[in-house]
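Please examine the sequence and the three-dimensional structure shown here. The paragraphs below lead from the whole chain to individual residues.

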Amino acid sequence: MSSSSHTAPHEIWRGIRQTVRTDTFGGILLLAATVAALVLANSPLADWYVGVRETSFGPEALHLDLTVAHWAADGLLAIFFFVVGLELKEEIVAGRLRSPRVAAVPVIGALGGVIVPALIFTAFTAAVPGDAVRGWAIPTATDIAFAIAVFAVVAKGLPPALRVFLLTLAVVDDLFAITIIATVYTDDLQPVWLAAAIVPLVLFALAVRRGIRHWWVLMPLAIVTWGFVHASGVHATIAGVVLAFMVPATVTPRARVRVGTDADGSPIHDALTAHFADRFGPISTLVALPIFAFFSAGVTVGGWEGLTAAFADPVTLGILVGLVLGKPIGILLAVFLLTRIPAVRRTFELRWGDMVGVGLLAGIGFTVALLVGELSYGVGSLEDEHAKIGILAGSVVAAILGGVVLAWRARRVRQTGTTPPS
């Protein structure tokens with residue numbers, strides 16, 4: 001048999017990693033984990049599912065005797081936020097967010113997409129007794145993985161700048177969500193533990209700035225930082241973002257990774273943010289996000305009566321309307337007002353019809369929305385269960401509506417060879 005018929009192991013692994021990095025694959029994996037959780041939570045295996053989710057383990061002396069669900073939300077999701085933080089750092093230092101004029105439109109659009117859904121949710125829940133209004137931030141988040149996955153499937157042929165806008169919008173949206181989690185959902189701050197986290201964090205920063213990439217050096221420092229942040233009362237996922245922001249986003253004589261050579265044989269180097277995102281991205285896609293979704297999305301509907309009761313709850317309705325209507329209205333209104341400024345209008349080239357589709361896709365709120373729901377009401381509470389139903393229903397409707405709009409626009413492009421009118 002000829003050697004050409006064999007594929008080297010490193011080539012197989014390279015193909016797997018390329019598949020993992022595709023937008024569609026990440027969305028499919030998240031969807032599969034979500035469906036599995038919903039099926040189990042509403043099947044004869046529901047008790048087993050809940051039992052596994054509520055099983056506790058970890059060192060109690062270090063305040064880390066957590067349930068499986070908490071380990072997924074506080075621990076594994078920190079990996080996801082680390083990757084998001086790397087992307088943010090790269091965009092701010094050397095990417096699209098570096099230029100104020102270019103960054104202004106998606107940043108202001110993201111801000112509008114936070115404010116309007118929050119106002120809609122507050123309007124639905126302000127008169128409800130108790131802490132219902134505490135979940136005002138739930139419909140403000142956009143799920144990058146799902147939104148980009150749907151876009152990748154339906155928007156072939158639309159301007160590349162549209163995907164750039166959606167990606168930047170979602171990244172900035174996550175920055176707002178991270179800020180909200182760090183400030184609003186920190187009830188019992190322990191300054192001593194927070195101060196203690198500075199020591200391993202500084203050591204981590206010094207190590208990466210010197211170009212140290214050994215896992216046995218960086219991993220313990222990252223874990224200790226995470227543990228101290230968790231003990232401080234600040235949600236532990238914030239540690240992932242802060243650690244990511246310590247990683248250099250520019251190539252320096254020490255902090256760099258060789259990725260190849262140019263035509264002259266000179267070495268080509270990449271920044272450490274890109275290197276770590278390349279290494280931890282597959283872990284986030286294959287492990288962190290699916291496991292979190294599996295243990296967070298499993299809501300017991302309770303049949304038709306339970307579903308009816310959920311949709312009669314202002315919490316569910318506030319999230320549903322906030323995601324499906326609030327997101328696109330907030331984004332489009334903010335962008336429209338900003339583009340009334342002549343200097344901004346001259347650089348804005350996207351069509352409003354395409355923007356409607358992107359605004360609808362931004363209503364896919366899943367990963368961060370589920371996390372904020374748990375922080376708002378507590379895992380397993382009735383409000384949290386109803387919030388999950390609102391998040392899932394709103395995300396599905398937003399995905400369908402946004403997908404239909406963008407698919408129609410893309411079809412017009414393929415038929416006519418030109419971008420359809422706004």
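The account begins with the overall fold and then turns to selected helices.

The model is a predicted one. Its protein chain contains 17 helices and four strands. Along the principal axes, the C-alpha trace spans about 70 × 65 × 60 Å. How does the radius of gyration of the protein chain compare with that of a compact globule? A compact globule of 422 residues would have a value near 22 Å, and the protein chain has 22 Å, so the two agree.

Burial and contacts add to this picture. Of the 422 residues in the protein chain, 49% are buried. Among contacts with a separation of 6 or more, 78% join residues that lie 24 or more positions apart. At the surface, the protein chain exposes about 19300 Å², and carbon and sulfur atoms supply 68% of that area. The protein chain carries 28 positive and 28 negative charges, whose mean positions are 16 Å apart.

Helix α6 covers residues 144-154. Its N-terminal end is capped by Asp 143, from which a side-chain oxygen lies 2.8 Å from the backbone nitrogen of Phe 146. Which residues of helix α6 are buried? They are Ile 144, Phe 146, Ala 147, Ile 148, Ala 149, Phe 151 and Val 154. As background, an α-helix has 3.6 residues a turn, so residues three or four places apart point the same way.

Val 154 also serves as a reference point for Tyr 377: the two are 223 residues apart in sequence, and their C-alpha atoms are 35 Å apart in space. Tyr 377 belongs to helix α16, which comprises residues 367-377. Is Tyr 377 buried or exposed? Tyr 377 counts as buried because its relative accessibility is 13%, and the cut-off for burial is under 20%. The side chain of Tyr 377 reaches the backbone oxygen of Ala 132 at 2.5 Å. Ala 132 is also one of the contacts of Tyr 377 beyond four places in sequence, which further include Phe 121, Asp 131, Arg 134, Gly 135, Ile 138 and Val 315. Glu 383, Asp 384 and Ala 387 are likewise among these contacts of Tyr 377.

Gly 394 lies in helix α17, which runs over residues 382-416. Gly 394 is buried because its relative accessible area is 0%. Apart from neighbours within four places in sequence, Gly 394 is in contact with Leu 320, Leu 323, Val 324 and Gly 363. Arg 254, by comparison, is 140 residues from Gly 394 in sequence and 47 Å from it in space, C-alpha to C-alpha.

Two further helices each provide a buried example. Thr 273 is part of helix α11, residues 272-296. With 0% relative accessibility, Thr 273 counts as buried. Which residues does Thr 273 touch, when those up to four places away in sequence are not counted? Thr 273 touches Leu 86, Lys 89 and Glu 90, together with Val 247, Pro 248 and Ala 249.

Ser 232 is found in helix α9, which consists of residues 215-232. The relative accessible area of Ser 232 is 0%, and therefore Ser 232 is buried. Not counting residues up to four places away in sequence, Ser 232 touches Asp 188, Leu 189, Gln 190, Trp 193 and Leu 194.

Definitions and conventions:
Residues are numbered from 1 along each chain as its sequence is written. This is a predicted model: local features need pLDDT of at least 70, side-chain atom pairs count only at pLDDT 80 or more; totals for chains, interfaces and linings use all residues. Side-chain values use heavy atoms; hydrogens and water are left out. Helices (H or I, at least four residues) and strands (E, at least two) are DSSP runs, numbered from the N terminus. The radius of gyration is taken over C-alpha atoms; the globule rule is 2.2 Å times the number of residues to the power 0.38. Buried means under 20% relative accessible area, exposed over 50%, partly exposed in between (1.4 Å probe, protein chains only). Contact means heavy atoms within 4.5 Å. Accessible areas come from the Shrake-Rupley method with a 1.4 Å probe; for residues, only the protein chains shown count as cover. Lys and Arg count as positive and Asp and Glu as negative; His and the chain ends are not counted. The place of a charge is taken as NZ of Lys, CZ of Arg, CG of Asp or CD of Glu. A polar contact is a pair of N or O atoms within 3.5 Å; within protein, one must be able to donate a hydrogen and the other to accept it, and residues adjacent in sequence count only if both atoms are side-chain atoms.
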